[in-house]
Every structure is written in C-alpha cells, then in structure tokens.
Amino acid sequence: MRLGPGPVALGLLLLLLFAASARAGQAEELHRAPGEHRAEYDREALLGGQEEVDEYVKLDHEEQQKRLRSIIKKIDSDSDAFLTESELSQWIQNSFKYYAMQEAKQQFIEYDKNSDGTVTWDEYNIQMYDRVIDFDENTALDDAEEESFRQLHLKDKKRFEKANQDADSGLNLEEFIAFEHPEEVDYMMEFVIQEALEEHDKDGDGFVSLEEFLGDYRRDPTASEAPEWILVEKDRFVNDYDKDNNGRLDLQELLSWVVPNNQGIAQEEALHLIDEMDLNGDKKLSEEEILENQDLFLTSEATDYGRQLHDDYFYHDEL
C-alpha cells in the first residue's frame, strides 16, 4: 500500500531539507570567505570525518612524504618536475569527480535493497523516507508545506525517469550516477536546464531575469537599503553569471548557475596554492616548495584535505 506522508512527517522532512541547505550554505561561506583560506576548517570539517583525521595523525612523517611525492608526480602531467596552475586545477577537478562517483557507488549499494543490481523508485523512497511515497501529479495539496514537499518529490521522480535510459524498472549503476550527479552526464544536461527554467522563468520567455533570479524577495518598504544577501546575490548575477551583460541569463549562463562550477573552484584553489607556496616567484611549484609547506598542501583540495594519502588510487606508485 502506497502512502503519502502525513503533515507531521512532511514538516519534519522539510525542516531537515531546509536545515541541510542552510548548513551547506554556511559551510561554503566559512570555507570561501573572501581573501581567506581556512586551513583549520579544511582539516577538521572536510578531511572526511574523525576516522580520516585519526589515520592522518598516525602516519609518520616519512610515510606522509613518500605518499605525497607520489601524488605530486601524478599531478605533474608533463613530468617537468613542476606543478603549474593548469596541472593543479585539472587534478583537483578529477579528484572532485572521482570522490563524487565513489560516493554514488556506495549509495547505490545502500539503495539497492534486494541486491539485484538495480535501484527502483520504490527502493529509492524506502531509503530516503522509510516508505513508498506516491503523489498525484495533477492535484496540488492545500497545506503549503505538504505542497512544497510534493513538488520536490515530483522533481526527483522526473529526474529518476530521465536517468532511466533503458526504461527498465530500475536504475543500473551508470543510470544511478546520472540521477545523483546529472551535472556529470551529458544526456542529463538538457533536463537540468529545463528543470531550472521551469522553476525560475516565471514569464516563460526562455531567460532568467535578475528579478526571477532573486525569486520571491520583496523589499521591505520601511528598510533604508536591501539586505546584505540581496546585494551579494545581485553581484553574483552581474559578475559571475550574466556574461554578456544583457540583464538576463540565457541557457548557457543558466547552466553555469545551477550546475556546480568545479572548474572555477579548482582554479581558485590552484591559484591560492601557488600564491602561498611559490617561494621563488616563478608561478609554479617544485617538489621542494610543496614539501616545505606540507601542511598547507595537505589541507587543500589538491589532496582532498589529506584523504588521498589514504587512497591508493591516488598515491600507489604503480597506478
């Protein structure tokens, strides 16, 4: 029997969703404060958990340097004994993708309740909500929180169906990765863009204006100026997304907003590392410069906050 979530359950689910979103935003602000690189936050919050922190501490200095030298050698794609911004940026992007895929593979095992090699929509619901939820696509709910959850759930279902290329009853591993990380899969890109348009393009002109970008914000007529977050969002719209400066986001610009820009993050981190560790001013890093600043390198995205030192995919000499 399929059940829709009751009001109490829905309220709790929404609270958890919004709280998770808020925490993610706060974490990003902590890590990305302008002009500041928070190594302590990197090490403690992003190393991968207390277990990885404990393992990191247990590694002796010689073993740390041995593994780190192996990683440096792999980052150095042209084998010239120096790491450039381009090499560091590409390595960090590859690291992002690798760990995202590893996480999705682990999730796949957890979601595949009967271990038959596919994840059905029912199994997804059971893992996420402890029961199967089935909403009527054409009937809105009176309660605002329930209706908000219904919309989120239906979006998930549409993405699940789009990821299911062979139209079988469930998703295989590759399709599950497309569902969890549509930004990494070419055939999901159109869906990602259309989903964003449906949510934000209120006037249906195929673009997202600044007003649509800001959403339902209504300025307080008694306030002397807009809230700080509005100023930040306006700056992002103008300087980060609206590349042609025409006051609206086209499909390509929209994609840069709704899909995480790992390339930009990786480039920023690569430039930060070179700026901090380049002792002779040649705009690249030698092994000696990195080893002299080992702690900084190990609390950076170049080593996924030290996790690569425990993952032989990255440090094993034969790979």
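**Two helix pairs and a few residues worth a look**

Let me start with a helix pair. Helix α5, residues 85–111, packs against helix α13, residues 262–277, at an angle of about 135°, and their axes are 8 Å apart. That angle makes α5 oblique to α13. For the label, the cut-off is what counts: only angles over 145 degrees are called roughly antiparallel. The crossing of these two helices, α5 and α13, is right-handed.

Before I go on, a reminder: this is a predicted model.

Who meets whom in that pair? From α5 we have Glu85, Leu88, Ser89, Ile92, Gln93 and Phe96. They meet Asn262, Gln263, Ile265, Ala266, Gln267, Glu269, Ala270, Leu271 and Ile274 in α13. By class, the contact of α5 with α13 has 8 nonpolar residues, 5 polar and 2 charged.

Now zoom in on one residue there. Ala270 sits in helix α13. Is Ala270 buried or exposed? Its relative accessible area is 0%, so Ala270 is buried. Which residues does Ala270 touch, leaving aside neighbours within four places in sequence? The answer is Glu85, Leu88, Ser89 and Ile92. Each of those four is also listed on the α5 side of the helix contact. There is a long-range pair here too. Ala270 and Trp91 are 179 residues apart along the chain, and their C-alpha atoms are separated by 9.4 Å.

Stay with α5 for a moment. Lys97 lies in this helix as well. With a relative accessible area of 40%, Lys97 is partly exposed. Its C-alpha atom is 8.0 Å from that of Glu184, and the two residues are 87 apart along the chain.

Second helix pair. Helix α7 covers residues 144–163, and helix α9 covers residues 189–200. They pack at an angle of about 160°, with their axes 11 Å apart. α7 and α9 are therefore roughly antiparallel to each other. α7 passes α9 in a right-handed crossing.

Which residues make this contact? On the α7 side, Lys155, Lys158, Arg159 and Lys162. On the α9 side, Phe191, Glu195, Glu198 and Glu199. The class count for α7 with α9 is 1 nonpolar, no polar and 7 charged. Set that beside the α5 and α13 contact, with its 8 nonpolar, 5 polar and 2 charged residues.

Next, a strand residue. Val119 is in strand β2, residues 119–120. Val119 is buried, at 0% relative accessible area. What does Val119 touch, not counting residues up to four places away in sequence? The list is Phe108, Tyr111, Asp112, Tyr124, Phe160, Gly170, Leu171 and Phe176. Val119 and Leu173 are 54 residues apart in sequence, and 8.3 Å apart in space, C-alpha to C-alpha.

Then the end of the chain. His316 lies in the segment after α16, which is residues 312–315. His316 is partly exposed, with a relative accessible area of 32%. It touches Ser70 and Lys74, again not counting residues up to four places away in sequence. The C-alpha atoms of His316 and Arg67 are separated by 7.6 Å, with their positions 249 residues apart along the chain.

Now backbone angles. Most residues other than glycine have a negative phi. Here are two with a positive value. Ala81 is not a glycine, yet its phi is positive, about 75°. Where is Ala81? In the loop between α4, residues 61–75, and β1, residues 82–83. At 53% relative accessibility, Ala81 counts as exposed.

The other case is Asp130. Its phi is near 70°, again positive in a residue other than glycine. Asp130 is found in the loop between α6, residues 121–129, and α7. Asp130 counts as exposed, at 69% relative accessibility.

Last, the whole chain. How many helices and strands are there? There are 16 helices and 6 strands. The chain has 319 residues, and buried ones make up 40% of them. Of the contacts with a separation of 6 or more, 59% come from residues 24 or more positions apart. The chain exposes about 18600 Å², and carbon and sulfur atoms supply 49% of that area.

Notes:
Residues numbered from 1 in each chain as written. Predicted model: local features only at pLDDT ≥ 70, side-chain atom pairs only at ≥ 80, totals over all residues. Heavy atoms only, no water. Axes fitted to C-alpha atoms, helices over the stretch in contact; angles between N-to-C directions. Parallel < 35°, antiparallel > 145°, perpendicular 65-115°, else oblique. Left-handed = near helix turned anticlockwise from the far one by under 90°. Contact = heavy atoms within 4.5 Å. Nonpolar A, V, L, I, M, F, W, Y, C, P; charged D, E, K, R; others polar. Buried < 20%, exposed > 50% of the residue type's maximum accessible area, 1.4 Å probe, protein only. Areas by Shrake-Rupley, 256 points an atom, 1.4 Å probe, with all protein chains shown as cover.
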